[in-house]
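Please open the model in your viewer and keep the sequence panel beside it, since each stop on this tour begins with a selection. Show side chains as sticks and the backbone as a ribbon before you set out.

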Amino acid sequence: MKTQILTLKSYDDHKLWSKLKAGDERSFSLLFEKYYGDLIHYGNSFSPFAEKVQDCVQDVFADIWLYRESLQEPDLIKAYLLSSVRKRIARLYERDHIFKKISTTDSIEFLFDFSVEHELIDDEATAESVLYLNKLLNELPSRQKEALFLRYNQGLSVEQISEMLNVNYQSANNLLHRGLLKLRKEWKGSFPVLVLLSSGIL
C-alpha cells in the first residue's frame, strides 16, 4: 500500500492534467487515485455523512472529465481539488438543508479531529504531552484549525489558503499566526509544535 502511494506521488500533477484534458483516461484515473483519499479525508471534516462526501468527491472528478476541454490549468492542482470539494459540500448543505441554508463556504464548520502518529511517541510522558496537544488543537476555533490543517497537513501556501477560505492574505496569515500562538503558549511537550504539525498529524 505504501509503495503504491509513493508511486502515485511520483506522477507530476501538471502532466496528468494536461493529458487528461486531451482525453487520456489513464491520466485521469491516476489523478483520481492520487488524491481521492486526501479529498475524502478533507470532505469528512465538514460532514458526518460519509456516503454524501464520497458522492461529492466523485462528482468533482466527473465534472473535471466532462468539462476537461474548457478547464484552465490551476497553479496547484491539489488546492483546486480541495477547494472544489469544499464548494461542492457547501452546495450539498444548501440543497439538502442538512444544516442552515448557506450561500457561501464561509459558514461551513470544520469538524476535523487531529491525531498524532504513534511513531512520534517514545515514552509515557511524551504520550501525555501529545494527547494534550491533540486537545489544544481540537479546542481551536474552526477556521484556525482548518487553516493549520491546510498549511501543515496539505502543504498549501498562505495565498492558496486565503483563496480557499475566501479571505484576504492577511486574514489567512492571522488565522495561522493566532492558532500557532495559542499552541505555543500552552504546549509543554518535548517536540516542537511545528514538527508535530508538519509530520505527525494524520
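Over the ring of which residue does the charged end of Arg-68 sit? Select Arg-68 together with Trp-65, and you will find that the charged end of the arginine sits over the ring of Trp-65, at 3.9 Å from the ring centre. Bear in mind at this and every later stop that you are looking at a predicted model.

**The aromatic cluster**

Keep Trp-65 selected and add Phe-28, Phe-32, Tyr-36 and Phe-61, because ring pairs link these five residues into a cluster. The count of aromatic pairs comes to 7. One of them is formed by Phe-32 and Tyr-36, a tilted pair whose ring centres lie 4.9 Å apart and whose planes make an angle of 35°. Phe-32 and Tyr-36 are 4 residues apart in helix H3 (residues 25-43), and are therefore separated by about one helical turn. In an α-helix there are 3.6 residues a turn, so residues three or four places apart point the same way. Colouring by accessibility would show Phe-32 as partly exposed, at 25% relative accessibility, and Tyr-36 as partly exposed too, at 22%.

**Helix H2 and its aromatic partner**

Now select residues 13-21, which make up helix H2, and begin at its start, where a side-chain oxygen of Asp-12 reaches to within 3.1 Å of the backbone nitrogen of His-14. Which residues of H2 are buried? They are Asp-13, Leu-16, Trp-17 and Leu-20. These four cover an arc of only 100° around the axis, which puts them on the same side of H2. Moving just past the helix, select Gly-23, which takes a positive phi of about 100°.

Return to Trp-17 and add Tyr-80 to the selection: the two form an edge-to-face aromatic pair, with 5.6 Å from centre to centre and 80° between the planes. This pair links distant parts of the chain, as Trp-17 belongs to helix H2 and Tyr-80 to helix H5 (residues 77-96), 63 residues apart. Trp-17 has 0% relative accessibility and so counts as buried, whereas Tyr-80, at 28%, counts as partly exposed.

**Three of the salt bridges**

The structure holds 6 salt bridges, and three of them are visited here, beginning with Asp-63 and Arg-88, whose closest N and O atoms are 2.3 Å apart. This bridge also links distant parts of the chain, with Asp-63 in helix H4 (residues 50-66) and Arg-88 in helix H5, 25 residues apart. Is Arg-88 buried or exposed? At 17% relative accessibility, Arg-88 counts as buried, because the limit for that class is under 20%; Asp-63, with a relative accessible area of 29%, is partly exposed.

Next select Lys-135 and Glu-139, which form a salt bridge with closest N and O atoms 2.6 Å apart. Both residues lie in helix H6 (residues 124-139), and being 4 residues apart they are separated by about one helical turn. Lys-135 is partly exposed, with a relative accessible area of 43%, and Glu-139 counts as partly exposed at 49%.

For the third, select Lys-182 and Glu-186, where the closest N and O atoms of the salt bridge are 3.7 Å apart. In helix H9 (residues 169-186) these residues are 4 apart, hence separated by about one helical turn. Glu-186 counts as partly exposed at 23% relative accessibility, and Lys-182 is partly exposed with a relative accessible area of 38%.

**Helix H7**

Finish with residues 142-153, helix H7, and draw a distance between its end C-alpha atoms: they are 16 Å apart, which agrees with the 16 Å that 12 residues should span at 1.5 Å a residue. How many of the 12 residues of H7 are buried? The number is 9, so H7 is largely enclosed by the rest of the structure. The buried residues are Ser-142, Gln-144, Lys-145, Glu-146, Ala-147, Leu-148, Phe-149, Leu-150 and Tyr-152. Stay on Tyr-152 and add Arg-151, which lies over the face of the tyrosine at 5.8 Å from the ring centre. The last selection is Gly-155, just after H7, which takes a positive phi of about 75°.

Technical notes. Residues are numbered from 1 along each chain as its sequence is written. This is a predicted model: local features need pLDDT of at least 70, side-chain atom pairs count only at pLDDT 80 or more; totals for chains, interfaces and linings use all residues. Side-chain values use heavy atoms; hydrogens and water are left out. Buried means under 20% relative accessible area, exposed over 50%, partly exposed in between (1.4 Å probe, protein chains only). Helices (H or I, at least four residues) and strands (E, at least two) are DSSP runs, numbered from the N terminus. The arc is that of the directions from the helix axis to the C-beta atoms. A polar contact is a pair of N or O atoms within 3.5 Å; within protein, one must be able to donate a hydrogen and the other to accept it, and residues adjacent in sequence count only if both atoms are side-chain atoms. The expected span of a helix is 1.5 Å times one less than its number of residues. Rings of Phe, Tyr and Trp (its six-membered ring) pair if their centres lie within 6.5 Å; planes under 30 degrees apart count as stacked, over 60 as edge-to-face and the rest as tilted. A charge sits over a ring if NZ of Lys or CZ of Arg is within 6 Å of the ring centre and within 35 degrees of the ring normal. A salt bridge is a side-chain nitrogen of Lys or Arg within 4 Å of a carboxyl oxygen of Asp or Glu.
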